[in-house]
Amino acid sequence: MTQDSLPFLPFVRPEIDEETIAGVADVLRSGWITTGPQNQAFEEQLSAFCGGRPVRTFNSGTATMEIGLRIAGVGPGDEVITTPASWVATANVILEVGATPVFVDIDPATRNIDLNLLEKAITPRTKAIIPVFLAGLPVDMDRLYDIARAYKLRVIEDAAQAFGATWRGERIGKLGDIVSFSFHANKNLTSIEGGALVLNDADEAELARKYRLQGVTRKGFDGMDCDVLGGKYNLTDVAARVGLGQLAHVERFLAQRKKLARAYFAGFEGGAAVALGVGLPAAEFENGNWHMFQITLPLERLTIDRAAVMQKLHDVYRIGSGVHYPAIHLFTLYRARGFAPGMFPHAERFGATTVTLPLFTLMTERDVARVCGAVNEICEQYGK
Ligand SMILES: *Cc1c(COP(=O)(O)O)cnc(C)c1O
């Protein structure tokens, strides 16, 4: 087989089964297509997954984060600590509620916020911490919550990528303060677009419900009041039905991702890529959900840049790849707020050198071997 005839391997592709597709058709035929019974069922199943804690769905993982901050009482004058190695939404929502983002560098091994640096960033104005579980790898939750308790800080866990991940054998979402999931098409569990907040009590759940839809509460046939300023963030029943169809497979999805991640480590072992200095993720199979498999390129030892590596993967080997993520503080919006290169060197280096390789449940171990072979060949060809 010539490489031209190879099927294209994208870096991610959702797995939607026929039962879900038929279920979506049923919802469309039912006459009730926006928030309704499917949402209620989705919230109930998510709540069961999170140890019975209250769960409210939203139309994106960005909306969940913003409303999580509002529920935690974060607003103008408050500082919120997070990491620059994340999807820009993580920091944008802090600005959206009028608060000030404070970045802390990552630990280059886990690529998550470095908890050793966290306390130094806390000031009297710090109100909350947003830890990001990059690629679905949780931070040390015991340490995180020890610090949060000691300084009386709220935690809004950006668990957008961490559905199904665990800490000490318990699912993320079962413990902790406010937990935010995203169900974007690329995440481990999808509702096309969507998200969910795991909350502490009935009052927070009620506030989430209000913020989700204009702050409105209805009573009886004709009663209506609006007592807080809410937005329009509700999830459709079509989307919720997709999410329910995914939840049925979550254990298999997790097992398959772990199997593929192990195949990546095996495929890279002793190869040209690792010999040249390609960095692999932490080989952590206890807690992480393997949302992504991200390598880092030793650019100083390559004669081509990252974009050219991605282009070769695409054009020559027919393999898709991605970048997750360029350091947030180097974006124009954040530089305008005083952030500059050199402030968070590990996040900057990671953001400039990382490449996300294909990892999704419909892949096989042979696909993984093909990706490893391509990366090894590129390193042999362009290494110096
Ligand atoms: C996907 C993602 C979000 C935002 O979720 P959306 O559903 O796309 O709005 C936030 N943070 C992280 C780390 C993400 O990966």
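These legends accompany close-up views of a predicted model.

**View 1. Lys187, a residue annotated in UniProt, sits in a loop.**
Let's start with K187, which an unreviewed UniProt entry lists under "active site". The unreviewed entry also lists K187 under "modified residue: N6-(pyridoxal phosphate)lysine". In the model, this lysine is found in the loop between β8 (178–182) and β9 (195–198). Is K187 buried or exposed? Its relative accessibility is 15%, and because buried means under 20%, K187 counts as buried. Setting aside neighbours within four places in sequence, look for its contacts with A160, Q161, S182 and H291.

**View 2. Helix α8 is largely enclosed by the rest of the structure.**
Here you can follow α8, which spans residues 237–247. Eleven of its eleven residues are buried, so the helix is largely enclosed by the rest of the structure. The buried residues include D237 and R241, along with G243, G245 and Q246. V238, A239, A240, V242, L244 and L247 are also among the buried residues of α8. What do these buried residues pack against? Their partners are α1 (18–30), α2 and α9 (250–268).

**View 3. Helices α2 and α8 pack with a left-handed crossing.**
This view picks out one of the partners of α8, namely α2, which covers residues 37–49. The axes of the two helices are 8 Å apart, and the helices pack at an angle of about 35 degrees. Their crossing is left-handed. On the α2 side, the residues to find are P37, Q38, N39, A41, F42, Q45 and L46. They meet D237, A240, R241, G243, L244 and L247 in α8. By class, this contact has seven nonpolar, four polar and two charged residues.

**View 4. Helices α11 and α14 cross obliquely.**
Next comes α11 (residues 306–315) with α14 (residues 365–382). The two axes come within 11 Å and cross at roughly 125 degrees; the helices are therefore oblique to each other. α11 passes α14 in a right-handed crossing. Which residues of α11 and α14 meet? From α11 there are V309, K312 and L313, and from α14 there are A374, V375, I378 and Y382. By class, the contact of α11 with α14 has six nonpolar, no polar and one charged residues.

**View 5. Tyr382 in helix α14 is buried.**
Finally, zoom in on Y382, a residue of helix α14 that takes part in the contact with α11. Y382 has a relative accessible area of 18% and is buried. Which residues does Y382 touch, leaving aside its neighbours within four places in sequence? They are R301, L302, T303, I304 and K312. Of these, K312 belongs to α11. For I304, there is also a backbone distance to look at: its C-alpha atom and that of Y382 are separated by 6.6 Å, although the two residues are 78 residues apart along the chain.

Methods: Residues are numbered from 1 along each chain as its sequence is written. This is a predicted model: local features need pLDDT of at least 70, side-chain atom pairs count only at pLDDT 80 or more; totals for chains, interfaces and linings use all residues. Side-chain values use heavy atoms; hydrogens and water are left out. Axes are lines fitted to C-alpha atoms, for helices over the stretch in contact, and angles run from 0 to 180 degrees between N-to-C directions. Helices (H or I, at least four residues) and strands (E, at least two) are DSSP runs, numbered from the N terminus. Angles under 35 degrees count as roughly parallel, over 145 as roughly antiparallel, 65 to 115 as roughly perpendicular and the rest as oblique. A crossing is left-handed if the near helix is turned anticlockwise from the far one by less than a right angle, and right-handed if clockwise. Contact means heavy atoms within 4.5 Å. Ala, Val, Leu, Ile, Met, Phe, Trp, Tyr, Cys and Pro count as nonpolar, Asp, Glu, Lys and Arg as charged, and the others, Gly among them, as polar. UniProt positions are given in the numbering used here, feature names are shortened, and annotations may be inferred rather than shown by experiment. Buried means under 20% relative accessible area, exposed over 50%, partly exposed in between (1.4 Å probe, protein chains only).
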